[in-house]
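These are my notebook entries on what I looked up in this structure. I kept them in the order in which I went through the model.

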Amino acid sequence: MGIFREIAIALGAAGIDPMIGPGLSLCRGWDYWTPKQSATDGKGIARTAHSIILGQTHLPKGGLYVLAPTMSVPQLIGGIWRQCLIRPNDPDADSRMDAFAVSIELDHSLRSQNLVAIIGHSPRDLGLYYDHLRATDPTLFTLVLAKAFKAALQHRASALHDPWPDGVARRWKGMEGDYLPPFLVAVLYAELGRLAMNQAGLIEMSVDGESLTNKQFLDRVPLAGTPHAPAAIRRALQFAPFQSVALGAPYLALMDDKGNIDPATAATWSRTAGATIALLHGLHGDIDITPSDATGGNSLASAYAANPAFWKIERNGKGVSHQSLDAVGFWGLGWRRNAAVRLLEIATTAREWNRQYRSLGPDLSCLPRHQLAKSMAIIGYAWVAEQDAAMALRMIGSVLSREEKATIGFDRWIPAAADPLAIDDYLGAKSGDDMLARAEKILPQLPRPGAFGYTARSQAHLWLNDKGDDIAHYRKLQDDALAAHAVAADGALPSALQDTSRVPANLLPLLAAQHGIDPGHGKIGHNRSPAPEMTDDPKAARGAQFMGQRISPLSTDSMIAKNHWR
């Protein structure tokens, strides 16, 4: 059922039981992995605990645990690396079956330095802490491993201040040290894992051998419905019926008396069309707007182009053209900036907690700035290479000089050479500096506590408390949706769209037909099926908020979840 399966899962996590079956709520990459399949399912993740660790669900056929209470210490450490989608590059591990495997608990991988630069502690430290909890407090161990951190603190509030086990401290060397309490390190790695999952889904929607701009995206839309349709287009078509994108509003209906598109009317159209499509889905099942032929593909491309997010702009008297913007963003941040900004958020929280909980201990902010920047570049590359080798190859090329390319014969490289470890040997002393500087400029402009979109940020404290919760905005959306649904169920249009000189009288049936639904289902009359009810249960708003925290129609809607840094 596509998107509606994901909505059901979000509602289940929020406390509304949609009769979720065992295993349905599991996500590949977060809860389990499957050999010979991609690392994640591309859907991202909200801040939700592992139901499988809590014994509420079971593994799907062929699936293997990412983390499990019965794992050995090396397996736990390997699971942490896997959840972060960063390969440890352990030469002693058998990586043929599991690229994230770790051979021994010492975990001597040099790649650990990249995670220490972000969080202050390595996956080895966290894995050994898990093992210590398993021996000393099995209930707390299960809750922390499952990322049920609020429940863990209800079980034992003092866990927040527990010291590191002796077996961890004596292994520290170099830049390692007692930067944070182990409980908070588990929280930070949970947020890093969530970021990795969301970044994987965002890259899937944004990259097709190259980073897709609005123009490049539109050029690929006509491929929809063919064997050559990129994954980015297929995923976009799943989201489009439930967004303010590709709804095909007729220009005539949106023009003001001067012949210009009126943004307020366009927004009204988007809400009306969205409510109508949701209504039609509720009546008649899932919606598939994938065209069946080239004509339909071109028509769909025109529908996208009509949306304000894809409009051309005037170029200083030199005509109009598309802006060079990323075609997709997570709350308005394209995939490059999303990785950098979210990693910086996590690193910033780690440093704030370091000052709060280790005021007399080692100072995490004293780690070299260039190490943080380089680590962000390595991690950002690793996430791309897991998803799209051709784009990863482009990224390697972007950091090499002409002389370096000639020396290594870069022009003969094929995408397969750009594996997730390939970037390590080619980064210079200043690699990542520009990425870090841009992220630092963006960070203060992100949604503030309580503002719409705040809980979608990589704010690790939200695993522990609800400070800055933006749920009020989702409840407002719920109220608006209830009103729009009632109007759509009556077959009426908002007053802004009732000017019959501009709006076709059969607009709603036309909309239904455009999305592959029998036009008869959109007509006003006694023969129409009863409209499905919508809920005013406040838990539904929480479910919508969970959708906003992951890769979803909401979080990637360029007209709703937007900012100005793409």
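Entry 1, the nonpolar cores. In this predicted model I looked up the largest nonpolar core and found that it has 135 residues, with Tyr-130, Val-144, Phe-183, Leu-192, Tyr-304 and Trp-383 making the most contacts inside it. I then asked which helix gives this core its largest share, and the entry reads helix α8, residues 182-206, with 16 residues. Apart from this core I noted another, of five residues, including Ala-14, Ala-46, Phe-546 and Met-547.

I followed Trp-383 further and, leaving aside its neighbours within four places in sequence, listed its contacts as Cys-84, Leu-85, Ile-86, Leu-192, Leu-195, Ala-196, Gln-199, Ile-203, Ala-339 and Leu-343.

Entry 2, a helix pair. I next looked at helix α14, residues 335-357, and helix α15, residues 369-387, which pack at an angle of about 135° with their axes 10 Å apart. Because angles over 145 degrees would count as roughly antiparallel and those from 65 to 115 as roughly perpendicular, I recorded α14 and α15 as oblique to each other. The crossing of these two helices is right-handed. On the α14 side I wrote down Trp-335, Ala-339, Ala-340, Leu-343, Leu-344, Ala-347 and Arg-351 as the residues that make the contact, and on the α15 side Leu-372, Met-376, Ile-379, Trp-383 and Val-384. Sorting the residues of this contact by kind, I have 11 nonpolar, one charged and no polar.

Entry 3, helix α2. How many of the 11 residues of α2 are buried? I found nine, so I describe this helix as largely enclosed by the rest of the structure. The buried residues of α2 are Val-73, Leu-76, Ile-77, Gly-78, Gly-79, Ile-80, Trp-81, Arg-82 and Gln-83, and I see them packing against β1 (32-33), α3 (112-119), α4 (123-136), α5 (138-145) and α8.

I paused at Arg-82, which lies in α2, residues 73-83. Buried means under 20% relative accessible area, and Arg-82 therefore counts as buried at 7% relative accessibility. Not counting neighbours within four places in sequence, I have Arg-82 in contact with Trp-33, Val-66, Asp-98, Ala-99 and Phe-100.

Entry 4, positive phi angles. Just after α2 I noted Leu-85, which takes a positive phi of about 55°. In the loop between α2 and α3 I came to Asn-89, which has a positive phi of about 60° although it is not a glycine. Lys-147, in the loop between α5 and α6 (149-155), is likewise not a glycine and has a positive phi of about 65°. I then asked whether Asn-89 is buried, exposed or partly exposed. With a relative accessible area of 42%, Asn-89 is partly exposed, whereas Lys-147 counts as buried at 5% relative accessibility.

Entry 5, a loop histidine. My last look was at His-121, which I found in the loop between α3 and α4 and which is buried, with a relative accessible area of 0%. Not counting residues up to four places away in sequence, I recorded that His-121 touches Leu-115, Val-116, Trp-164, Trp-172, Gly-177, Asp-178, Tyr-179, Leu-180, Val-185 and Tyr-189. I also looked up Leu-188, 67 residues from His-121 along the chain, and the C-alpha atoms of the two are separated by 9.9 Å.

Definitions and conventions:
Residues numbered from 1 in each chain as written. Predicted model: local features only at pLDDT ≥ 70, side-chain atom pairs only at ≥ 80, totals over all residues. Heavy atoms only, no water. Axes fitted to C-alpha atoms, helices over the stretch in contact; angles between N-to-C directions. Parallel < 35°, antiparallel > 145°, perpendicular 65-115°, else oblique. Left-handed = near helix turned anticlockwise from the far one by under 90°. Contact = heavy atoms within 4.5 Å. Nonpolar A, V, L, I, M, F, W, Y, C, P; charged D, E, K, R; others polar. Core = buried A, V, L, I, M, F, W, Y, C linked by side-chain atoms within 4.5 Å. Buried < 20%, exposed > 50% of the residue type's maximum accessible area, 1.4 Å probe, protein only.
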